Amino acid sequence: MIRYSLRCEQGHAFDMWFADGATYDALAGEGHVSCPECGSARVEKALMAPGIPRKGAAQAMSNAPAPREVARMISRYRAKVMAETTDVGRRFPEKVRDMHEGLIDHAPIRGEATPDEAKSLAEDGIAILPVPPEPPKEN
Ligand SMILES: [Zn+2]
């Protein structure tokens with residue numbers, strides 16, 4: 001059940017319960033929802049009654065992906081990086097710099113860089129992306 005705060009064309013406010021939003025739409029659309037004060041069937045939804053969780057509103061608020069989905073996305077991204085890059089380990093900063101300077105061919109690589117090394121690369125206009133850590137496994 002869902003409670004709507006309604007208002008008629010005369011400005012009378014009243015609350016009514018409906019099985020769901022679709023039921024309200026159907027009834028109101030056919031003029032079966034009328035103001036208890038003046039009988040007008042020209043009513044419209046006012047603000048939602050507080051404290052009544054509404055399905056639509058809850059869904060609108062949770063547009064951001066759920067934590068589980070985020071974990072899956074990170075996991076997929078990580079797997080893709082792992083599959084498409086070569087691990088050069090500690091030689092990463094040096095390799096990236098060499099690539100940037102055209103000393104060696106560009107290739108997708110991954111490896112280790114300290115925060116200082118990453119900062120130094122960024123200062124030289126070399127963008128590197130952190131590989132996200134593997135999210136904890138779902139139980
Ligand atoms: Zn009225």
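Here is a walk through the structure above, from the overall layout to the zinc site and then to a pair of helices.

A word on ground rules: this is a predicted model, in which local features need pLDDT of at least 70 and side-chain atom pairs count only at pLDDT 80 or more, while totals for chains, interfaces and linings use all residues. Residues are numbered from 1 along each chain as its sequence is written, and side-chain values use heavy atoms, with hydrogens and water left out.

Let's start with the layout. The chain has 5 helices and 5 strands, where helices (H or I, at least four residues) and strands (E, at least two) are DSSP runs numbered from the N terminus. Going along the sequence, you meet them in the pattern β-β-α-β-α-α-β-α-β-α. Of the 139 residues in the chain, 21% are buried; buried means under 20% relative accessible area, exposed over 50%, and partly exposed in between, using a 1.4 Å probe and protein chains only. If you take the contacts (heavy atoms within 4.5 Å) between residues at least 6 apart in sequence, 46% of them join residues at least 24 apart.

Now for the metal. What holds the zinc ion? Its donors are Cys8 (SG), His12 (ND1), Cys35 (SG) and Cys38 (SG), at 2.0 to 2.3 Å. Donors here are N, O and S atoms within 2.8 Å of the metal (3.2 Å for Na, K and Ca), and since water is not among the atoms, sites may look incomplete. Along the sequence, the donor residues follow the spacing C-x3-H-x22-C-x2-C.

Why is the arrangement around the zinc ion called tetrahedral? Because the 4 donor atoms subtend angles of 104 to 116°, and four donors count as tetrahedral if all angles lie between 85 and 135 degrees. For reference, the ideal angle for four tetrahedral donors is 109.5 degrees.

Two of these donors are worth a closer look. Cys8 lies in strand 1 (residues 2-8) and is buried, because its relative accessible area is 6%. His12, with a relative accessible area of 22%, counts as partly exposed. Beyond its neighbours within four places in sequence, Cys8 is in contact with Phe14, Cys35, Cys38, Ser40, Arg42 and Val43, so its contact list includes the zinc donors Cys35 and Cys38. The C-alpha atoms of Cys8 and Glu37 are 9.2 Å apart, with their positions 29 residues apart along the chain.

Strand 1 also holds Ser5, which is buried at a relative accessible area of 13%. The C-alpha atoms of Ser5 and Met16, 11 residues apart along the chain, are separated by 6.6 Å. Asp15, in strand 2 (residues 13-18), touches Arg3, Tyr4 and Ser5, leaving out residues up to four places away in sequence. With a relative accessible area of 42%, Asp15 is partly exposed. Compare Glu30, in the loop between helix 1 (21-29) and strand 3 (43-45): its relative accessible area is 60%, so Glu30 is exposed.

Finally, on to the helix pair. Helix 4 (residues 92-100) and helix 5 (residues 115-123) pack at an angle of about 10°, with their axes 10 Å apart. That makes helix 4 roughly parallel to helix 5, since angles under 35 degrees count as roughly parallel, over 145 as roughly antiparallel, 65 to 115 as roughly perpendicular and the rest as oblique. The axes are lines fitted to C-alpha atoms, for helices over the stretch in contact, and angles run from 0 to 180 degrees between N-to-C directions. Pro93, Val96 and Arg97 in helix 4 meet Glu117, Ser120 and Leu121 in helix 5.

Conventions. Four donors count as tetrahedral if all angles lie between 85 and 135 degrees; four count as square planar and six as octahedral if opposite donors are over 155 degrees apart and all others between 65 and 115; anything else is irregular.
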